[in-house]
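Here is a short briefing to read alongside the structure. It starts at a turn and works outwards from there to the sheet, the helices and the aromatic rings.

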Amino acid sequence: MSRDEEQEEKFEKQLQEQIMEQIRKLYSETVIDHWQNPRNFKTLISPDGYARVKGVCGDTMEMFLRVKDENVIECTFQTDGCGTTIVCASVATELAIGKPFIEALGSVSAAEILRVLGGLPEESAHCAQLAAETLRRALADYLSQKSAPWMKNYRKT
């Protein structure tokens with residue numbers, strides 16, 4: 001490695017450290033962890049519940065559910081949104097998995113997502129609302145599919 005390459009690498013490392021220092025001033029370690037390692041960021045083929053919601057900011061989120069014996073056994077998401085949208089969806093899926101359907105419907109809220117994350121800057125708090133609303137609609141879709149299973153064949157996912 002040449003001297004110039006070494007200096008450039010050192011500069012890039014210092015810049016990354018400065019950026020992370022600034023990020024840590026705004027966001028909790030939980031937010032940073034979910035940002036760097038989002039959970040359940042994938043689609044499910046033929047889910048038991050599905051929703052696609054466009055947020056006030058223009059971000060779109062999709063959630064996919066698998067339910068067995070009235071318990072959420074798998075919950076995943078996709079989004080074209082920003083980092084905080086990904087973080088909020090990641091937390092929402094973790095909060096839903098393992099819960100009875102009705103408990104997930106009643107307990108996974110924007111306030112709960114924000115509590116788990118240790119808060120977000122005010123301009124990003126709407127991302128928690130988007131994640132909670134998308135999950136609520138996926139759970140409602142599951143209930144609808146359960147009542148009329150034939151409809152699953154006509155769902156656009």
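A good place to begin is the hairpin of S2 and S3, where 2 residues sit between the strands and Asp-69 adopts a positive phi near 50 degrees. Please keep in mind that this is a predicted model. The protein chain holds 6 helices and 3 strands, and read from the N terminus its elements follow the order α-α-β-β-β-α-α-α-α. Along the principal axes, the C-alpha atoms of the protein chain fill a box of roughly 65 × 30 × 30 Å.

**The sheet**

- The 3 strands make an open sheet, ordered S1-S2-S3, with antiparallel pairing.
- Strand S1 (49–54) and strand S3 (71–79) are the edge strands; each has a single partner strand, so one side of each lacks a neighbour in the sheet.
- On average, and ignoring direction, neighbouring strands of this sheet are turned by 15 degrees against each other.
- Back at the hairpin, S2 (residues 60–68) pairs with S3 in the antiparallel sense over 8 bridges.
- If you would like a spot to check by eye, Leu-65 has Cys-75 in S3 as its bridge partner.

**Helices across the sheet**

- Helix H3 (residues 83–96) lies across S2 and S3, and its direction is at about 170 degrees to S3.
- Helix H6 (residues 126–147) lies across S1, S2 and S3, running at about 145 degrees to S1.

**How H3 meets H6**

- These helices also touch one another: the axes of H3 and H6 come within 8 Å and cross at roughly 40 degrees.
- H3 and H6 are therefore oblique to each other, and H3 passes H6 in a right-handed crossing.
- On the H3 side, the contact involves Thr-84, Thr-85, Cys-88, Ala-89, Ala-92 and Ala-96.
- On the H6 side, their counterparts are Cys-127, Ala-128, Leu-130, Ala-131 and Leu-135.
- Sorted by class, the contact of H3 with H6 has 9 nonpolar and 2 polar residues, and no charged ones.

**How H1 meets H2**

- Helix H1 (residues 3–26) packs with helix H2 (residues 29–36) at an angle of about 125 degrees, and their axes are 8 Å apart.
- That angle makes H1 oblique to H2.
- H1 brings Met-20, Ile-23 and Arg-24 to the contact, while H2 brings Glu-29, Ile-32, Trp-35 and Gln-36.
- By class, the contact of H1 with H2 has 4 nonpolar, 1 polar and 2 charged residues.

**Aromatic pairs**

- The count of aromatic pairs comes to 3.
- One of them joins Phe-41 and Phe-77 in a stacked arrangement, at 4.7 Å centre to centre and with 5 degrees between the planes.
- This pair links distant parts of the chain, 36 residues apart: Phe-41 is in the loop between H2 and S1, whereas Phe-77 belongs to strand S3.

**Worth a second look**

- Strand S3 turns up under several headings: S3 is an edge strand of the sheet, has helix H3 lying across it along with S2, and carries Phe-77 of the stacked pair.

Conventions. Residues numbered from 1 in each chain as written. Predicted model: local features only at pLDDT ≥ 70, side-chain atom pairs only at ≥ 80, totals over all residues. Heavy atoms only, no water. Pairing = 2+ DSSP bridges. Helix = DSSP H or I, 4+ residues; strand = E, 2+ residues; numbered from the N terminus. Axes fitted to C-alpha atoms, helices over the stretch in contact; angles between N-to-C directions. Contact = heavy atoms within 4.5 Å. Parallel < 35°, antiparallel > 145°, perpendicular 65-115°, else oblique. Left-handed = near helix turned anticlockwise from the far one by under 90°. Nonpolar A, V, L, I, M, F, W, Y, C, P; charged D, E, K, R; others polar. Phe/Tyr/Trp six-rings, centres within 6.5 Å; stacked < 30°, edge-to-face > 60°.
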